[in-house]
Amino acid sequence: MQDAELTFRDRPINMNERGGRKWVYAKKPSGKWYTRRTIFSWFILLFFVGAPFLRFNGNPFILLDIASRKFIIFGAIFWAQDTFILALLMLSFVLFVVLFTVTFGRIWCGWACPQTIFMEMVFRKIEYLIEGDYKKRHKLDNGPWTTEKIIKKTVKHFLFILISLTITNVFLMWFIGNEKWMQFASEPIPEHLSGFLIVLLVSGFFYFVYSYFREQICTMVCPYGRMQGVLLDSKSVVVTYDYKRGEPRGAKTNGDCIDCHQCITVCPTGIDIKNGSQLECINCTACIDQCNKIMHVAGKPPGLIRYASEMDIKEGRSTIWNARNKAYSTVLLIIFSFFVYTLFSRPDIETTILRTPGLLFQENENDIISNVYNIKIVNKTHNEMPLEIKLISHNGEIKMAGNSMIIKDQGRFESTFLLFITKEKLSGDKTDVEFGIYSDNELIETYKTTFVGP
Ligand code: SF4
Ligand code: SF4
């Protein structure tokens, strides 16, 4: 058995025989696929930075306001009461990721995952720019602390810290909105000390990940990578080495692979794609570009490493459809349609009316019984809403505690009211009652609860 095979089977490639870290010095990729990924990453980065500043229908485009339990996704507002609709959206997203993975493997990891985008398209590019390609970096890291090394390392880590702080602050805007962020930034630090410390902590984490931990996030931490074993099958399209064409490999063999190891040199996780589909492969396409260059020099057709399924390589047949992705597509379509229906059919307001805890009923003059209720109304629209509450199931009288029911756009109303019903109208010690919430004399929501009597 060859050494390379032993290593591949025995331990991750970025780990030495004693379990310690083996630094991966990946060669700078270049080629058709790398250019495509770079352009695509610009859009992702633009979206990441620009989304907190975008507005849609007067709302932020994205806002994950956990403190106010209000989420705005693509301009649609989800309140705490919309948890079910939000759960449907999340479920659709998870199913979409699963469906996409079953069909196209880890395309997400290579093209859209924030870890890959920031690592390969931001931090790694800065590193290439300051420290040079893999051989120079290796030499620099293992050489003495010369003035050149001190300057290069200082500039690099200063930029890494600066970018980590920027990422954290943009990330924060996704949760608190850009206006609140600007307000915080303009106020003295002691007024937001805990927030400031959290920003430092998260920035420190990003800096640690991108300057030191790097590809280990993908190979050791990310749960999505671990799911590949159960999600992928022989029809999944992944970055694959065409072993039928490449083997037997070597400079003087019939196989197209000349065993130049260039596909390993360029790999950011340090693996050898020729060993087959592996958990560590993030489908970054760097080895496709590198091998295509070798094939060009060797006068052989490109595509020895390419996007292909196991079935395509083995049997020369390619189809992306199988029973699993057909089933996932059907379930996804049903759940997403249900999500769209519930999103567009939800009422403009969300009402909760509950009898005040600890209070039963009060007996008044003329055989009139009263109950006390707490009412909460959330206005989900962008308009101020004058509201009125009426009892629609019985003849009864409502006495609201003071406040007029005018709710600002996206505002909340909370109050207490008394409901009076004559005893003869009650159907026992517990009577079902129904309220109607009106705006400009138009019924916009009904709410059922109970009325207790003697
Ligand atoms: S780059 Fe291509 S030719 Fe070279 S070892 Fe890898 S697969 Fe073989
Ligand atoms: S094997 Fe190829 S596609 Fe997979 S991570 Fe390495 S370079 Fe990227």
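1. Some terms before the details: Ala, Val, Leu, Ile, Met, Phe, Trp, Tyr, Cys and Pro are taken as nonpolar, Asp, Glu, Lys and Arg as charged, and the others, Gly among them, as polar. This is a predicted model, where local features need pLDDT of at least 70 and side-chain atom pairs pLDDT 80 or more, while totals for chains, interfaces and linings use all residues. Residues count from 1 along each chain as its sequence is written, chains are lettered from A and ligands numbered from 1 in written order, and side-chain values use heavy atoms, with hydrogens and water left out.

2. On to the cavities (on a 1 Å grid over the protein atoms alone, sets of points where a 1.4 Å probe fits but cannot get out; lining residues have an atom within 4 Å of a point). There are four of 30 Å³ or more. The largest has about 90 Å³ of space, a volume being the space filled by probe spheres set on points that are joined across faces, edges and corners. It has 14 lining residues, with Cys267, Ile271, Cys281, Cys284 and Cys287 closest to its centre. By class, that lining has ten nonpolar, three polar and one charged.

3. The second largest cavity holds about 80 Å³. Its lining also runs to 14 residues, and Cys257, Cys260, Cys263, Cys291 and Leu304 are the closest to its centre. Helices here are DSSP runs of H or I, at least four residues, numbered from the N terminus. Two or more lining residues come from each of α14 (262–265) and α15 (286–298), and α15 has the largest share, three residues. The class split for the second largest cavity is ten nonpolar, two polar and two charged residues.

4. Have a look at the second largest pocket too (a pocket is an open set with protein on both sides within 12 Å along at least five of seven lines). Its volume is about 500 Å³. Of its 20 lining residues, Asn169, Leu172, Gly195, Phe196 and Val199 lie nearest the centre. α7 (147–176), α8 (178–186) and α9 each give at least two, with α7 giving the most, seven residues. The lining is 15 nonpolar, four polar and one charged.

5. Finally, the surface. Ile189, Leu193, Phe196, Leu197 and Leu200 make up a nonpolar patch with about 440 Å² of accessible area together. Patch members have over 30% relative accessible area and no salt bridge, and nonpolar side chains are joined within 5 Å. Leu197 sits in helix α9 (residues 193–213). Why does Leu197 count as partly exposed? Because its relative accessibility is 47%, and partly exposed lies between buried (under 20%) and exposed (over 50%), with a 1.4 Å probe and protein chains only.

Terms used. Patch = residues over 30% accessible without salt bridge, like charges linked within 9 Å, V, L, I, M, F, W, Y side chains within 5 Å. Areas by Shrake-Rupley, 256 points an atom, 1.4 Å probe, with all protein chains shown as cover. Salt bridge = Lys/Arg side-chain N within 4 Å of Asp/Glu carboxyl O.
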